[in-house]
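Good morning, colleagues. I would ask you to look at the sequence and the structure first, and then I shall go through the fold, the nonpolar cores and the charged pairs.

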Amino acid sequence: MAAELHLRIVTPDRTVVDRKVAGVSFLGLDGSYGVLPKHAPMLTAIGVTGFAHVTETDGKTSDLFLSDGFAQVQGNVLTLVCEAGEAAAEIDMARVKAAEAKAREKLAGLDKLSQEYTNAEASLRKALARELLSRRTTGSGNLSS
């Protein structure tokens, strides 16, 4: 039996993933990480928006959206604690488009040096990242629609 890594992805409202996998890669604030079974202990921050690429024990792969949090490896368990996390199949494109439009509208009327502008910009990045992941996994290809 091949070595396995236990992956847990937790958000404030639910556990997104809690299972054995072959490996995970994700983007931290200070670069890309690849975590395989028996990885050394570590703790790092996860960027504002990003993806986790999960390789299952059967070799299949999947991607998940992640936002704001941290990652910890300890005792062959990778725990990703995030503000938001969802599989591509869970992404509601109508909601994403509405969030994108709202963020763009808000950005247009704000001072670029304000905290509100920074928050709206982060919201826009999250919406665009969700849209990219959804379109990439569904194969729709056209990112402009």
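**Fold, cores and charges**

Among contacts in the chain between residues at least 6 apart in sequence, 53% join residues at least 24 apart. Please bear in mind that this is a predicted model.

The secondary structure comes to two helices and eight strands. Read along the sequence, the pattern is β-β-β-β-β-β-β-β-α-α. The C-alpha trace spans about 55 × 35 × 25 Å along its principal axes. Of the 145 residues of the chain, 39% count as buried. The accessible surface comes to about 8100 Å², and 54% of that surface belongs to carbon and sulfur atoms.

Let me turn to the interior. In soluble globular proteins, nonpolar side chains tend to be buried together. Here the largest nonpolar core has 21 residues, and those with the most contacts inside it are L7, I9, V24, F26, L66, L78 and L80. Which elements give two or more residues to this core? They are β1 (5-11), β2 (14-21), β3 (23-28), β4 (31-35), β5 (42-46), β6 (50-55), β7 (61-74) and β8 (77-87). The largest share, four residues, comes from β7. Apart from this core lies another, of eight residues, among them F65, A84, A127 and L133.

V24 may serve as an example of the packing. Leaving aside its neighbours within four places in sequence, V24 is in contact with L5, L7, Y33, G34, V35, A52, H53 and L78.

I come now to the charges. The chain has 17 positive and 18 negative side chains, and the centres of these two sets lie 2 Å apart. Side chains of opposite charge can pair when their charged atoms come close. How many salt bridges does a search of the whole structure find? It finds eight.

Three residues deserve to be taken together: D68, E83 and K126 are linked in a network of salt bridges. In the pair of D68 and K126, the closest N and O atoms are 3.2 Å apart. D68 lies in strand β7 and K126 in helix α2 (residues 115-138), so this pair ties together parts that are 58 residues apart in sequence. In the pair of K126 and E83, the closest N and O atoms are 2.6 Å apart. Since E83 lies in strand β8 and K126 in helix α2, that salt bridge ties together parts that are 43 residues apart in sequence.

Is K126 buried or exposed? At 15% relative accessibility, K126 counts as buried, because the cut-off for buried is under 20%. Its two partners are classed as follows: D68 is partly exposed, with a relative accessible area of 26%, and E83 is partly exposed at 44%.

A further salt bridge joins E100 and R104, with the closest N and O atoms 3.1 Å apart. Where do E100 and R104 lie? Both are in helix α1 (residues 93-108), four residues apart, which is about one turn of the helix. E100 counts as buried at 11% relative accessibility, whereas R104 is partly exposed, with a relative accessible area of 42%.

To recapitulate the charged pairs: K126 of helix α2 is paired with D68 of strand β7 and with E83 of strand β8, while the salt bridge of E100 and R104 has both of its residues in helix α1. Thank you for your attention.

Methods
Residues numbered from 1 in each chain as written. Predicted model: local features only at pLDDT ≥ 70, side-chain atom pairs only at ≥ 80, totals over all residues. Heavy atoms only, no water. Core = buried A, V, L, I, M, F, W, Y, C linked by side-chain atoms within 4.5 Å. Buried < 20%, exposed > 50% of the residue type's maximum accessible area, 1.4 Å probe, protein only. Contact = heavy atoms within 4.5 Å. Salt bridge = Lys/Arg side-chain N within 4 Å of Asp/Glu carboxyl O. Areas by Shrake-Rupley, 256 points an atom, 1.4 Å probe, with all protein chains shown as cover. Lys, Arg positive; Asp, Glu negative; His and termini not counted. Charge placed at Lys NZ, Arg CZ, Asp CG, Glu CD.
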